[in-house]
Amino acid sequence: MRTLLTLLLAAGAYAAPPSKIFPYGYDQHDFPNGLRLITIPTDFPNIVSFYTVVSVGSRHEVEPGKSGFAHFFEHIMFRGTKRFPPQKWEAVMKAAGAATNAYTSDDLTVYHATFDKEGLESIIDLEADRFQNLEYSENAFRTEALAVNGEYNKNSSEPANQLVEKLRDTAFDRHTYKHTTMGFLADIKDMPNQYEYSKQFFNRFYRPENVTLVIVGDVDQKQVRSMVEKYWGPWKKGAVKPQIPVEPPQTVERKAHVDWPTPTLPWMMIGYKVPAFTENMRDSAALDLIASLAIGQNSPLYKQLVIEEQKNDVLSGGYQNHADPYLFIVYSRVKKDADMPAVQDAIISTLNGFKDTLVDSKRLEAVKSNLRYSFALGLDNSEAIAANLAGFIALTRTPETLNQVYDLYASLTPEDLRDVARKYFVASGRTVATLAHKKEAK
Amino acid sequence: MRALVLLFSALALQAMEVVTLPGQSPIINFRFVFRCGSLNDLKGKEGTAALTAAMLARGGSQSMPYSDIIEKFFPMAASVGDQTDQEMLTISGVTHVDNLEAYYSTLRDMLLKPGWRPEDLKRLRDDQLTSLRVSLRQQNDEELGKEVLYNILLGTAHPNGTVSSLEKLTLADLQAFYKQHLTQANLTIALAGKYPEGFAERVKKDFSQLPAGKPSAVKRPAPKAIPQTRVTIVKKQTRAVAFSLGFPIPVNRSHPDFPALLVANTWFGPHRSSGGNLYQRMREIRGLNYGDYSYIEYFPRGMFQFEPDPNLARRQQIFQMWIRPVEPQTAHFTLRLALHELERLVEKGLTESDFEDTRSFLSRGVNLLLKTKANELGYRIDSQFYGIGEYPEYIKNAVAKLTVEDVNKAVKKHLRKDRLEIVAVAEDAEGLQKALLSDAPSPMTYNSPKLADILEEDKLVSTRKLGLKPAQVRIVPVDRIFQ
């Protein structure tokens, strides 16, 4: 904790030289099979968070008809092994008082458990076993497919989910980011029939080279390393690199609309094509700053649309770190249909404004300060530390990336932001997707 | 960090209470918890408490319009939040110790000298209306079902009020509520982190400017008895059918049977956990939906979070089962299965090994609820409300003394398989109503072979009689809900 305090005092003084934002010391170790272990001891007592970060997500779903599969596979991972059938797996987790779950996104699948430190070895063993020896019957597989369908159903009354699906489908032609992590409904309906494919998916992608273990909390680094070596060491390497289609450059602005059958406030999502996170990290960092300056809570546009004119009740979004080029998205929920065009103009002209007008350096410093303090305030327990890291780990497999990103934030100037805005906020890279209640629609 | 717990001190005042958790963390947490809430809303003015809290946390102070407050907090990444429930109104805040002075002086003015600006009222009223009209009625069938269930069982409005009441609320209504209920008598202040010496005393002194007031707690009459099972089908356009069902229970954290009932519920339907019996029988074996859980305490927003928020303490709780959306053609079977599982819980209870496993899980897992300082503060205040010791210790000590017989006795005493309120959210409400009234068999088919004992059980479940009469199954259009 002392480190954190020192660093943040430096962050408080805007002129201070860049210092490492991630305040915890960590041990990063690569095993011969390609598995990486990151251990982060903290002084939050008794509790350990264990995150298994698999750098595989819906981006890997290259075959037609297989959208949603990475997420489906996350469910299958809970269907057990010979040694630990599901009920036994549950029993071990329960004995450690564990809270456990998993999630999937475009570029990652994360399995996580937070538990009493006494349970550490048994959980390292348990998790190593399912990643190496997963075994499930076709019956269990078909039943689990129904639970995924249930998940689609429970999400389906939220219009924002449907509009993101539409935005991506419109903005991308070839890349797998065309579909959401949930997948297309037709593919979900067909999942029960994909048992053989699921085994292929596991063999291809669930390999140590794609996996980073992040263990945070009341732990001893040496002990953790030897436990992981014992249980995860025998795992065989052999990951297959997916042939992910390259998205051709977008040449004209695209538009799409969803008619929504039940009453809702209208939504608008405006996306601009932007580079992959690691392709040009300086640009990615600049886009984060622009997002905050343009549509953040303290931005003139937010104050205008949400606080003063009260045309919007949601204005958010920005750049999201991705393995391949994705979108800078502005999410906007508007109170009246009639205001949609004005809101669209206001958002686009605000982003265009960054191309001509240099941002005020005081506002820029305020954003940098906000980002550093937001990060620091988010590290209030071991689980939060692991969760904050997971997204970066999936892309670069090291917490050091966090330090790099915050150093980049610190180094960026108003001129840098202008140049980045000129590069990416172009009409030919833009997709505008809207959704509104259509009364006569059934 | 362990030392922090020992440093804890509750400086009980005559009225206002201060709870402190001084420590080495540079993150400073504030909680201002008032023992008042939507139960104090006047008839026809439902939503007053929640809108008052919103005006304090998301509106301007006398000296600063809200946009200036955002401007000031922004470089600090500091924030203020609000949560209003039936009996507690909470304003929470967090800042880094570097910015404590600037943050606190603003927060203090927001709470002690609110701006009461009409433009803030307009914006925040819109937000609250949207939360009922759009978020609840249209976008989240599960939360809708749960809130309708509470509404029917307890006869209380949603903490955010109703559409018609919100439309009428004036600044004067909010000011009157503020004056009457946001008083020293109702307030507990809680602080955690590395704040300077004397800071807690200063905060206490500042908040002594609030009127002394009188406790706002209103009488909580016992809920009306449910003479027979009733079904309410909320009709709206939607893909699937969601269920919530339950009945009031006389047990809250202060009740001697709470730990026993907690063990039973943690075995039966722990929130968002794949280890629960209900989840195993309904989702894992049969693939009916995404999950099935049960509750003995109010847990709003469960679809977005794994742990409940603190400071939702209520004297009156319900037992509730949450059946996540199912395909319409399996809705009748699903409801029958949920009732079958409830009956098994009530009649058979837990086995010795279920009990031991669950007790061991609870004794360790309860620590996770307090993983943040904000939660630790919140739980401490809840424990004061219920008059129990520190929550994890209370639970650990209590479950250590339990036997499986104690647990099953508490189940038999407080839970039941009949006289339920059932809420369904469905598009083909008439079809569901007809099916339920007909009591016709609802045979289940699967996309894969099932074990013989499951098929046997299905036979039993699919012909289970509900014995409902037409007057017991009503249909309510969604736009009448929370109107």
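Okay, B:Lys409: you'll find that residue in helix α16 of chain B. Keep in mind as I go that this is a predicted model. Is B:Lys409 buried, exposed or somewhere in between? Its C-beta has 14 neighbours inside 10 Å, so B:Lys409 goes down as partly exposed. If you want a sense of distance, take B:Ile475: that residue is 66 positions from B:Lys409 in sequence, and the two C-alpha atoms sit 36 Å apart.

Let's stay with that helix for a moment. α16 covers residues 404–414 of chain B, and it packs against helix α10, residues 258–268 of the same chain. The angle between them is about 90°, and the axes are 8 Å apart. That's why we call α10(B) roughly perpendicular to α16(B). Who actually meets whom? From α10(B) we get B:Ala260, B:Leu261, B:Val263 and B:Ala264. Across from them, α16(B) supplies B:Asp406, B:Val407, B:Ala410, B:Val411 and B:His414. Sorted by class, that contact comes to seven nonpolar residues, one polar and one charged.

Next helix in chain B: α12, residues 331–348. Those 18 residues carry it 25 Å from first C-alpha to last, close to the 26 Å you'd expect at 1.5 Å a residue. Which of its residues are buried? The early part has B:Ala331, B:His332, B:Phe333, B:Thr334, B:Leu335, B:Arg336, B:Leu337, B:Ala338 and B:Leu339 on the list, and then come B:Glu341, B:Leu342 and B:Leu345. Notice that B:Arg336 and B:Glu341 are among the buried ones. After α12(B) comes B:Gly349, with a positive phi near 70°.

While we're on phi: most residues other than glycine have a negative one. B:Ala77 isn't a glycine, yet its phi is positive, about 55°. You'll find B:Ala77 in the loop between α3, residues 66–73, and β4, residues 79–84, of chain B. Buried or exposed? B:Ala77 has 20 other C-beta atoms within 10 Å, so it counts as buried.

Chain A has a case like this too. A:Asn46 also has a positive phi, near 70°, without being a glycine. This residue sits in the loop between β2, residues 36–41, and β3 of chain A. With 18 other C-beta atoms within 10 Å, A:Asn46 is partly exposed.

Now a helix in chain A: α4, residues 120–133. Its 14 residues should span 20 Å at 1.5 Å a residue, and the end C-alpha atoms are indeed 20 Å apart. The buried residues here are A:Leu120, A:Ile123, A:Ile124, A:Leu126, A:Glu127, A:Ala128, A:Arg130 and A:Phe131. A helix has 3.6 residues a turn, so positions three or four places apart point the same way. Keep that in mind when you look at the list. And what covers those buried residues? Among the elements doing it are β3, α3, β5 and α9 of chain A.

Zooming out to whole chains. Chain B has 18 helices and 12 strands. Its radius of gyration is 24 Å, close to the 23 Å the globule rule gives for 483 residues, so chain B is as compact as a globular protein of that length. Its C-alpha atoms fill a box of roughly 70 × 50 × 40 Å, and 54% of its residues are buried. Of the contacts in chain B with a separation of 6 or more, 83% are between residues 24 or more positions apart.

Chain A comes to 16 helices and 11 strands. Its radius of gyration is 23 Å, close to the 22 Å from the globule rule for 442 residues, so chain A too is as compact as a globular protein of its length. The box for its C-alpha atoms is roughly 60 × 60 × 35 Å, and 49% of the residues count as buried. The share of contacts from residues 24 or more positions apart, again out of those with a separation of 6 or more, is 81%.

Last thing, where the chains touch. How many residues does each chain put in? Chain A gives 61 and chain B gives 57. On the chain A side, the elements giving two or more residues are α1, α3, β4, β5, α5, α11 and α13. The largest share, 11 residues, comes from α5(A). By class, that side divides into 26 nonpolar, 20 polar and 15 charged residues.

Definitions and conventions. Residues numbered from 1 in each chain as written. Chains lettered and ligands numbered in written order. Predicted model: local features only at pLDDT ≥ 70, side-chain atom pairs only at ≥ 80, totals over all residues. Contact = placed C-beta atoms within 7 Å. Helix = DSSP H or I, 4+ residues; strand = E, 2+ residues; numbered from the N terminus. Nonpolar A, V, L, I, M, F, W, Y, C, P; charged D, E, K, R; others polar. Expected span 1.5 Å × (residues − 1). Buried ≥ 20, exposed ≤ 12 C-beta atoms within 10 Å, placed from the backbone. Axes fitted to C-alpha atoms, helices over the stretch in contact; angles between N-to-C directions. Parallel < 35°, antiparallel > 145°, perpendicular 65-115°, else oblique. Rg over C-alpha atoms; globule rule 2.2 N^0.38 Å.
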